[in-house]
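Colleague: Got a minute to go through this one with me? I'd like to talk cysteines, core and pockets.

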Amino acid sequence: MEAHMKAIWSVFKSYKTEAFFLFYVENDALKSCKISKHETRTSGEIDVEQIIAHADILKGRHVMAIHNHPNNLPTPSFPDLFQKDYVHSLLALCNIHMTDY
C-alpha cells in the first residue's frame with residue numbers, strides 16, 4: 001500500500017491545478033488515467049470522453065477516483081461532492097466499480 005501511495009503522490013506532485021485521475025491495479029502495478037480537463041487552481045471539469053476512452057481497459061475493475069487540492073484546502077467542496085457522485089454514476093454505466101474517492 002505504501003508503494004501505491006508513493007505512486008499516487010508522484011502523479012500529483014507536479015500539478016499546480018486541480019486534476020482528477022482514476023487509479024487501478026494491473027499486473028501488480030498501479031496505473032492511472034486522467035479524467036479531467038479545463039483545470040484551474042480550485043476546480044476541474046470531468047472529461048466524459050476520457051472515461052469512455054478508458055472504459056474497455058477499466059471494465060469490471062475496481063478503481064479509485066482521486067483528485068488533488070493544490071490550494072491546500074483539504075475539505076471537500078460542494079463541487080467535489082457533486083463530481084464524486086457524477087464520476088461514480090458514469091463509471092457504473094460502464095460497469096466500472098469505484099472503490100474509493
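Modeller: Sure. A disulfide here is a pair of cysteine sulfur atoms within 2.5 Å. Keep in mind that this is a predicted model.

Colleague: OK, how many disulfides does the search find?

Modeller: The count is 0 for the whole structure.

Colleague: Why no bond for Cys33?

Modeller: Distance. The closest cysteine sulfur to that of Cys33 belongs to Cys94, and it sits 11 Å away, too far for a bond.

Colleague: And are those two buried or exposed?

Modeller: Cys33 is buried, at 3% relative accessibility. Cys94 also counts as buried, at 18%. The cut-off is under 20%.

Colleague: Switching to the core. Which residues touch the most other members of the largest nonpolar one?

Modeller: Leu22, Val87 and Leu91, in a core of 17 residues. Strands E1 (20–26) and E5 (62–67) each supply at least two of its residues, as do helices H2 (48–58) and H3 (78–93).

Colleague: What does Leu91 contact, sequence neighbours within four places aside?

Modeller: Leu22, Ile51, Val63, Ile96 and Met98. There is also a second, separate core of 6 residues, with Ile8, Phe12, Phe21 and Leu30 among them.

Colleague: Now pockets. What volume does the largest have?

Modeller: About 200 Å³. Its lining includes Met5, Ile8, Trp9, Phe12, His67 and His69.

Colleague: Which elements give two or more residues to that lining?

Modeller: Helix H1 (2–12) and strand E5. H1 has the largest share, with 4 residues.

Colleague: And how do the lining residues divide by polarity?

Modeller: 7 nonpolar, 4 polar and 1 charged.

Notes: Residues are numbered from 1 along each chain as its sequence is written. This is a predicted model: local features need pLDDT of at least 70, side-chain atom pairs count only at pLDDT 80 or more; totals for chains, interfaces and linings use all residues. Side-chain values use heavy atoms; hydrogens and water are left out. Buried means under 20% relative accessible area, exposed over 50%, partly exposed in between (1.4 Å probe, protein chains only). A nonpolar core is a set of buried Ala, Val, Leu, Ile, Met, Phe, Trp, Tyr and Cys residues joined through side-chain atoms within 4.5 Å. Contact means heavy atoms within 4.5 Å. On a 1 Å grid over the protein atoms alone, a cavity is a set of points where a 1.4 Å probe fits but cannot get out, and a pocket is an open set with protein on both sides within 12 Å along at least five of seven lines; lining residues have an atom within 4 Å of a point. Grid points are joined across faces, edges and corners, and a volume is the space filled by probe spheres set on the points. Ala, Val, Leu, Ile, Met, Phe, Trp, Tyr, Cys and Pro count as nonpolar, Asp, Glu, Lys and Arg as charged, and the others, Gly among them, as polar.
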